[in-house]
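Me: I am new to this structure and would like a close look at one part of it. Please take the stretch near the end of the chain, and show me how it fits with the rest.

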Amino acid sequence: MYWFLNGRPESLVPLLLSGLLWAGGGWLLSLALFRLSSAERIAVGPAIGMALHLALANLLARLLPTAAAFAVSAVVVGGSGVVLGWRHVRRPDLKSLLRAWPQLLAWLLMALVITQVGRGVAILDDRKNLSLVSLLAQGNVPPPFYMDGAVPFKYHYGGLLPGAEMMALGG
């Protein structure tokens with residue numbers, strides 16, 4: 001992948017494990033907490049998992065190093081999904097995961113197209129976002145203002161946390 005600077009494919013393993021934990025935990029939580037069809041659960045579950053993961057990582061990053069905060073957050077979301085949702089799993093739910101491959105393939109293709117477009121547009125490569133992602137990945141949560149470190153950053157930075165996770169866990 002072109003955005004990983006260290007050139008080592010094994011650096012993707014912690015990032016992929018984290019993603020599987022929060023996505024699986026979110027899927028199990030959606031199974032336990034909501035009455036959704038199987039097609040809806042495929043989309044809603046990982047969204048719940050990611051939202052919980054990023055919120056918890058944001059809180060934990062104030063106490064732990066950044067990479068540890070993202071890892072612990074993923075484990076907590078995955079574990080809570082297993083604890084709350086495992087007893088609700090039935091054979092039709094697992095079969096619906098296997099039948100969801102067209103939906104998952106469409107998401108993968110959309111992500112690929114968006115990534116390729118983003119490489120050429122560079123719309124998010126401005127001094128605010130790149131410097132804030134770097135500050136978040138280094139453990140400055142909440143981040144200081146990017147042009148004056150003595151001033152607190154008074155704007156939301158939740159959308160930048162996935163990039164900080166990629167830097168902290170994926171190298």
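Reply: The protein chain has 7 helices and 2 strands. This is a predicted model. From the N terminus on, the elements run α-α-α-α-α-α-β-β-α. The chain counts 171 residues, and 31% of them are buried. About 10600 Å² of the chain is exposed, with 70% of that supplied by carbon and sulfur atoms. Take the contacts between residues at least 6 apart in sequence: 66% of them join residues at least 24 apart.

Now for the part you asked about. Begin with helix H6, which spans residues 127-138. Val-133 lies in this helix. Val-133 is buried, because its relative accessible area is 13% and the cut-off for buried is under 20%. What does Val-133 touch, leaving out residues up to four places away in sequence? The list is Leu-160, Gly-163, Ala-164 and Met-167. Val-133 also has Pro-143 at 9.1 Å, C-alpha to C-alpha, with their positions 10 residues apart in sequence.

Leu-160 shows the contact from the other side. Not counting residues up to four places away in sequence, Leu-160 touches Asn-129, Leu-132, Val-133 and Leu-136. Asn-129, Leu-132, Val-133 and Leu-136 have a spacing worth noting. An α-helix has 3.6 residues a turn, so residues three or four places apart point the same way.

These contacts lead to the core. The largest nonpolar core has 19 residues. Phe-70, Leu-136, Tyr-157, Leu-160 and Leu-161 have the most contacts inside it. Four helices each supply at least two residues of this core: H2 (38-60), H3 (66-85), H6 (127-138) and H7 (161-170). Of these, which gives the most? H6 does, with 5 residues. Apart from this core lies another, of 6 residues, including Trp-27, Leu-28, Ile-42 and Ala-100.

Next, leave H6 and follow the chain. Pro-142 sits in the loop between H6 and strand E1, which covers 144-145. The peptide bond from Val-141 to Pro-142 is cis, with omega near -5°.

Then come the two strands. E1 and E2 form a hairpin, with 2 residues between them. They run antiparallel, and 2 bridges join them. For Pro-144, the bridge partner in E2 is Pro-152. Is E2 buried or in the open? Of its 5 residues, the number buried is 0, so E2 lies largely in the open.

Phe-145 belongs to strand E1. Its relative accessibility is 29%, so Phe-145 counts as partly exposed. Leaving out residues up to four places away in sequence, Phe-145 touches Val-151, Pro-152 and Phe-153. Phe-145 also lies 9.0 Å from Lys-128, C-alpha to C-alpha, and the two are 17 residues apart in sequence.

Past E2 comes another loop. His-156 has its place there, between strand E2 (148-152) and H7. His-156 is exposed, because its relative accessible area is 56% and exposed means over 50%. Set His-156 against Pro-142 in the earlier loop. They are 14 residues apart along the chain, and their C-alpha atoms are separated by 9.6 Å.

H7 follows. Which residues of H7 are buried? They are Leu-161, Ala-164, Glu-165, Leu-169 and Gly-170. Leu-161 appears once more here, as one of the residues with the most contacts inside the largest nonpolar core. Ala-164 has been named before too, as a contact of Val-133. Just after H7, Gly-171 takes a positive phi of about 80°.

Two places elsewhere help set this part in context. One is Ser-30, in helix H1 (residues 12-33). Ser-30 is buried, with a relative accessible area of 0%. Apart from neighbours within four places in sequence, Ser-30 is in contact with Leu-36, Arg-41, Gly-45 and Ile-48.

The other is on the surface. Trp-101, Leu-105, Leu-108, Leu-109 and Leu-112 make a nonpolar patch of about 540 Å². Leu-105 lies in helix H5 (residues 101-121). Leu-105 counts as partly exposed, because its relative accessibility is 39%.

To sum up the part you chose: H6 gives 5 residues to the largest core, E1 and E2 form a hairpin, and H7 supplies at least two residues of that core.

Terms used
Residues numbered from 1 in each chain as written. Predicted model: local features only at pLDDT ≥ 70, side-chain atom pairs only at ≥ 80, totals over all residues. Heavy atoms only, no water. Patch = residues over 30% accessible without salt bridge, like charges linked within 9 Å, V, L, I, M, F, W, Y side chains within 5 Å. Areas by Shrake-Rupley, 256 points an atom, 1.4 Å probe, with all protein chains shown as cover. Salt bridge = Lys/Arg side-chain N within 4 Å of Asp/Glu carboxyl O. Buried < 20%, exposed > 50% of the residue type's maximum accessible area, 1.4 Å probe, protein only. Core = buried A, V, L, I, M, F, W, Y, C linked by side-chain atoms within 4.5 Å. Contact = heavy atoms within 4.5 Å. Pairing = 2+ DSSP bridges.
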